[in-house]
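Trainee: Hi, do you have a minute to go through a structure with me? I'd like to start with the overall picture and then pick at some details.
Mentor: Happy to, let's put it on the screen.

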Amino acid sequence: MSALMDGIRGNRFVVFGRAGMDMFAAPVGTKSEHADTFHADLGGSSANTCAGLVKLGSQAALVTSVSDDAVGRFCVNKLAHYGVETTYVRAVGGEYRNSLAVYESCIEDFQNVIYRNGVADFQVTDADVDQVDYGRFTALVTAGTVFAAEPSRGSTFRAFDTAKAAGLPIIFDIDYRPYSWPSAEVAADVLSRAGEASDMIVGNDEEFGFMAGGIDKGLDKARELAQRPGRIVIYKMGEKGAVTFADGQEIRTGIYPVEAVKPNGAGDSFISGLLASVAAGHSLHDAVLRGSASASIVVSKPGCAPAMPDTAQLDAFLASHPGPTDT
């Protein structure tokens with residue numbers, strides 16, 4: 001586990017996955033079909049994670065492809081706005097498009113309409129990942145969506161091999177989105193392969209259950225994956241908190257209840273809060289709690305990337321909140 005923790009403490013992350021445009025209805029509580037105003041900002045799991053990392057004092061570079069159009073350039077400009085390195089973001093022409101998410105800030109009957117037809121981020125190639133200077137970074141982070149289609153599936157596995165050869169640990173957020181995959185069988189096979197190749201695996205109960213062939217088998221799957229020496233597995237259970245498997249231990253942690261205005265963005269904020277907190281010197285137990293607090297902050301505000309807390313905001317939240325739930 002020391003090699004993994006040392007890599008995270010190095011605090012320089014190369015992140016693989018998508019950047020997209022989010023459009024969320026305003027003001028808070030407005031349903032999308034009744035909205036006159038939408039706010040636009042950065043979206044996409046990996047881009048959100050990058051923004052969250054940088055806000056918390058980490059360095060992050062995104063490896064992805066964007067459409068060679070106004071929306072693609074919007075995403076690149078927003079990445080730069082948040083301080084994310086865009087050296088390895090390539091524009092692709094033709095009919096490829098960036099993903100678009102249209103959602104609202106309300107919990108009841110929450111709607112998130114996602115457009116992912118002919119998406120640009122699946123066009124990351126071997127040449128793209130070979131251009132990355134892995135020696136500049138201390139850990140590789142990826143979201144599972146990159147594995148849903150070629151050529152990004154093969155190129156990301158290639159990046160895994162190159163990163164490992166350079167001594168970088170692999171951090172894998174399962175991030176299973178059924179609409180991106182050709183079939184559940186392909187997804188289970190490929191995501192399991194990615195998990196086996198990873199040093200840290202983060203997912204929720206449904207995602208581990210999916211990999212195991214049934215939600216009731218998810219916790220056992222997480223335990224099984226954690227048996228490899230040096231690997232950390234974090235099993236998230238929503239309102240019930242999380243179980244972290246590390247060095248033969250099972251660390252149970254609660255959540256920080258808030259008045260949520262939306263459910264999305266929590267997972268991206270959790271992993272960025274977790275990694276940045278380990279890098280800042282916090283124990284694994286406390287880093288998981290800080291990740292949970294980051295997730296609570298994001299669901300209590302509109303948007304995803306703009307709602308990610310910086311260190312001062314995270315510390316202020318923790319100082320003013322009565323504390324995590326019991327487990």
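Trainee: So what radius of gyration does the protein have, and what would a compact globule have?
Mentor: The protein has 18 Å, and with 327 residues a compact globule would be near 20 Å, so the value agrees. The radius is taken over C-alpha atoms, and the globule rule is 2.2 Å times the number of residues to the power 0.38. Keep in mind that this is a predicted model: local features need pLDDT of at least 70, side-chain atom pairs count only at pLDDT 80 or more, and totals for chains, interfaces and linings use all residues. Residues are numbered from 1 along each chain as its sequence is written, and side-chain values use heavy atoms, with hydrogens and water left out.

Trainee: What box do the C-alpha atoms fill?
Mentor: Roughly 50 × 45 × 40 Å, taken along the principal axes.

Trainee: And how many helices and strands are there?
Mentor: Eleven helices and 13 strands. These are DSSP runs numbered from the N terminus, helices being H or I with at least four residues and strands E with at least two.

Trainee: What share of the residues is buried?
Mentor: Buried residues make up 57% of the 327. Buried means under 20% relative accessible area, exposed over 50%, and partly exposed in between, with a 1.4 Å probe and protein chains only.

Trainee: What about contacts between residues 24 or more positions apart?
Mentor: Such pairs account for 71% of the contacts with a separation of 6 or more, where contact means heavy atoms within 4.5 Å.

Trainee: Let's move to the strands. How many residues of β2 are buried?
Mentor: Six of the seven, residues 20-26 being the strand, so β2 is largely enclosed by the rest of the structure.

Trainee: Which strands does β2 pair with?
Mentor: One is β3, residues 37-43, which pairs with β2 in the antiparallel sense over seven bridges; Ala-25 stands opposite Phe-38 there. Another is β6, residues 99-103, parallel to β2 over five bridges, with Met-23 opposite Val-102. Two strands pair if DSSP finds at least two bridges between them.

Trainee: How about β4, how many of its residues are buried?
Mentor: Eight of the nine in residues 59-67, so β4 is also described as largely enclosed by the rest of the structure. Five bridges join β4 to β1, residues 12-16, and the two run parallel; Val-15 stands opposite Leu-62. β4 also pairs with β5 in the parallel sense, over four bridges, and Thr-64 faces Val-89 in that pairing.

Trainee: I clicked on Arg-90. Which strand is that in?
Mentor: Arg-90 lies in β5, residues 89-92. At 31% relative accessibility, Arg-90 counts as partly exposed.

Trainee: What does Arg-90 touch?
Mentor: Not counting residues up to four places away in sequence, Arg-90 touches Thr-64, Ser-65, Val-66, Gln-123, Thr-125 and Asp-128.

Trainee: Switching to a helix: where is Ser-296, and is the residue buried or exposed?
Mentor: Ser-296 is in α10, residues 284-299, and counts as buried because its relative accessibility is 7%. Leaving aside neighbours within four places in sequence, Ser-296 is in contact with Tyr-256, Val-258 and Phe-317.

Trainee: Now backbone oddities. Where are the cis peptide bonds you wanted to show me?
Mentor: One runs from Ala-26 to Pro-27, with omega near -5°, and Pro-27 is in the loop between β2 and β3. Another runs from Glu-150 to Pro-151, with omega near 5°; Pro-151 lies in the loop between β8 (139-143) and α5 (152-165).

Trainee: And what is phi at Asp-175 and at Asp-247?
Mentor: Phi of Asp-175 is near 45°, a positive value in a residue other than glycine, and for Asp-247 phi is near 55°, again positive. Asp-175 sits in the loop between β9 (170-173) and α6 (184-196), while Asp-247 is in the loop between β12 (242-246) and β13 (249-253).

Trainee: Which of those counts as buried and which as exposed?
Mentor: Asp-175 counts as buried at 6% relative accessibility, whereas Asp-247 is exposed, with a relative accessible area of 58%.
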